[in-house]
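Here's a quick walk through a protein model, written for someone who'd rather be at the bench. Have a look at the sequence and the fold, then read on.

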Amino acid sequence: MPSARVWCRLLGVHPAVVESVELDEAEQVLVARVRLRRRDRHRCGACSRRCPRYDAGRGRRRWRALDLGTVQAFVEADAPRVQCREHGVVVAAVPWARHGAGHTRAFDDTVAWLATQSSRTSVRQLMRIAWPTVGAIITRVRADIDAQVDRLAGLRRIGIDEISYKKNHRYLTVVVDHDTGRLVWAAPGNDKATLAAFFELLGPDRCARITHVSADGAAWIAHTVAQYCPDAIRCADPFHVVVWATDALDKVRRQAWNTARRQPGGSQKDRRGRTASAGAAQTMKRARWALWKNPENLTDHQRHKLAWIAKTDSRLYRAYLLKEGLRHVFAVGGETGKEALQRWLSWAPRCRIPEFVKLARTIRSELAAIHASLDHGLSNALIESTNTKIRLLTRLAFGFKHPDALISLALLALGGYRPELPDRTHT
């Protein structure tokens with residue numbers, strides 16, 4: 001029979017005292033009965049201060065420990081309550097588990113590490129727990145890490161964006177650090193109040209140290225940044241600016257398609273009796289990707305479509321050239337990009353295409369942020385990459401009932417402070 005010290009290491013309950021270890025034949029689990037050392041007794045579960053005993057609580061309780069081989073293991077001990085001056089009547093702390101947890105620290109840390117490294121099915125089957133339990137565990141582990149590190153320390157250049165995490169317009173607002181590449185903050189919502197909570201958490205002194213903020217053209221981001229970081233340089237994300245032009249181009253393409261299909265021979269009945277595009281209208285409908293893609297990525301067939309559009313619809317081709325002209329602005333950047341943007345702004349209002357006339361007004365309203373992006377080369381590419389990873393985690397986190405679990409998983413995986421496996425020595 002192993003000694004009490006060996007059982008402490010196996011179960012991860014050091015420095016408690018193991019009184020007995022038995023195999024529960026009815027439940028087929030290993031139960032280790034332990035007691036706290038005198039110096040660890042009667043401490044607040046929230047702040048770990050020594051407090052007077054209040055009562056015995058609900059008596060003895062069990063904590064799930066890491067499996068020993070193929071057998072589930074539990075730690076059993078008294079769970080009295082104490083009277084804390086700050087937190088009131090709470091369950092006394094135990095050194096082997098976090099406050100309010102039903103699992104040992106070693107179990108929690110292992111589950112959190114697996115959740116950031118492997119699939120949902122693997123975590124559930126290996127650890128023999130339900131997926132909602134994983135959400136509760138990673139939320140606890142993330143809170144424990146946040147109590148030890150300051151994720152918001154040293155922020156200078158940040159990126160802000162929103163990402164949909166659930167249907168019915170459920171969004172997260174995320175903030176990344178451009179200098180470290182880390183996700184530093186996330187919260188449910190996509191409005192001024194949500195982003196204001198981030199800056200309130202940051203505080204006036206650290207807000208004053210923010211030098212650059214990259215974001216799309218959302219008004220709620222611009223207004224909140226101007227309120228809390230008036231001296232920060234706001235950089236418009238080039239990708240979103242070009243997307244504005246691409247959306248305007250697609251509206252012009254749909255107008256050209258509708259015009260073409262109303263012409264004689266522009267539509268016909270298919271085998272099911274439905275109206276379908278034909279002739280020039282069909283070619284126009286299928287030209288979307290040729291108009292959207294960058295010229296260097298076009299196939300030969302798509303180049304032929306563009307040449308056909310140039311000959312048959314000068315208005316649509318002019319819209320395509322305007323889109324490419326705006327893309328060229330960000331491709332060259334710097335002073336050259338500013339000069340190209342100025343030429344674009346002199347062309348767009350006179351192009352006789354309402355969608356691009358409207359876009360020119362939008363770009364003039366965001367001119368300072370676009371110039372800042374051209375000067376400093378700052379974009380939302382990093383945060384878009386982070387959003388892509390969060391989308392993958394969203395699929396992994398399917399089944400979590402609250403976004404806090406998803407946010408915790410994202411911060412553990414992308415926040416730079418990953419959970420570590422228990423009792424691992426790094427050499």
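What follows covers the domains, the strands, two helices and a few backbone oddities.

First, the ground rules: this is a predicted model, where local features need pLDDT of at least 70, side-chain atom pairs count only at pLDDT 80 or more, and totals for chains, interfaces and linings use all residues. Residues are numbered from 1 along each chain as its sequence is written, and side-chain values use heavy atoms, with hydrogens and water left out.

**Domains**

The protein splits into domain 1 (1–101) and domain 2 (238–376), with bounds that come from an automatic or database domain assignment. The C-alpha centres of domain 1 and domain 2 are 66 Å apart.

**Strands**

Helices (H or I, at least four residues) and strands (E, at least two) are DSSP runs, numbered from the N terminus. Two strands count as paired if DSSP finds at least two bridges between them.

One open sheet has three strands in the order β3-β6-β7, with antiparallel pairing. β3 (53–55) and β7 (88–91) sit at the edges with a single partner strand each, so one side of each has no neighbour in the sheet. On average, neighbouring strands of this sheet are turned by 40° against each other, direction ignored; the axes behind that angle are lines fitted to C-alpha atoms (for helices over the stretch in contact), and angles run from 0 to 180 degrees between N-to-C directions. Q83 stands opposite V89 in β7.

Here are three strand pairs side by side.

| Strand pair | Bridges | Direction |
|---|---|---|
| β6 (residues 81–84) and β7 | four bridges | antiparallel |
| β8 and β11 | three bridges | parallel |
| β8 and β9 | eight bridges | antiparallel |

For β8, R157 has H212 in β11 as its bridge partner, while E162 is matched with T173 in β9. The hairpin of β8 and β9 has three residues between the strands, and N168 there takes a positive phi near 65°.

**Helices α7 and α15**

Which residues of helix α7 (residues 219–228) are buried? They are W220, I221, A222, T224 and V225, where buried means under 20% relative accessible area, exposed over 50%, and partly exposed in between (1.4 Å probe, protein chains only). Their cover includes β8 (157–166), β9 (170–177), α5 (192–202), β11 (212–215) and β12.

In α15, the buried residues are L367, A369, I370, A372, S373 and L374. Among the elements covering them are β12 (233–236), α8 (238–261), α12 (314–332), α13 and α14 (354–365).

Helix α13 (residues 334–347) packs against helix α15 (residues 367–376) at an angle of about 150°, with their axes 8 Å apart. In the contact (heavy atoms within 4.5 Å), G334, E335, G337, K338, L341 and L345 of α13 meet L367, I370, H371, L374 and D375 of α15. Those contact residues divide into five nonpolar, three polar and three charged; Ala, Val, Leu, Ile, Met, Phe, Trp, Tyr, Cys and Pro count as nonpolar, Asp, Glu, Lys and Arg as charged, and the others, Gly among them, as polar. Just after α15 comes G377, with a positive phi near 65°.

**Positive phi in loops**

H42 isn't a glycine, yet its phi is positive, about 55°. H42 lies in the loop between β2 (29–35) and β3, and is partly exposed, with a relative accessible area of 28%. R128, also not a glycine, has a positive phi of about 60°. R128 belongs to the loop between α3 (120–127) and α4 (131–148), and counts as partly exposed at 38% relative accessibility.
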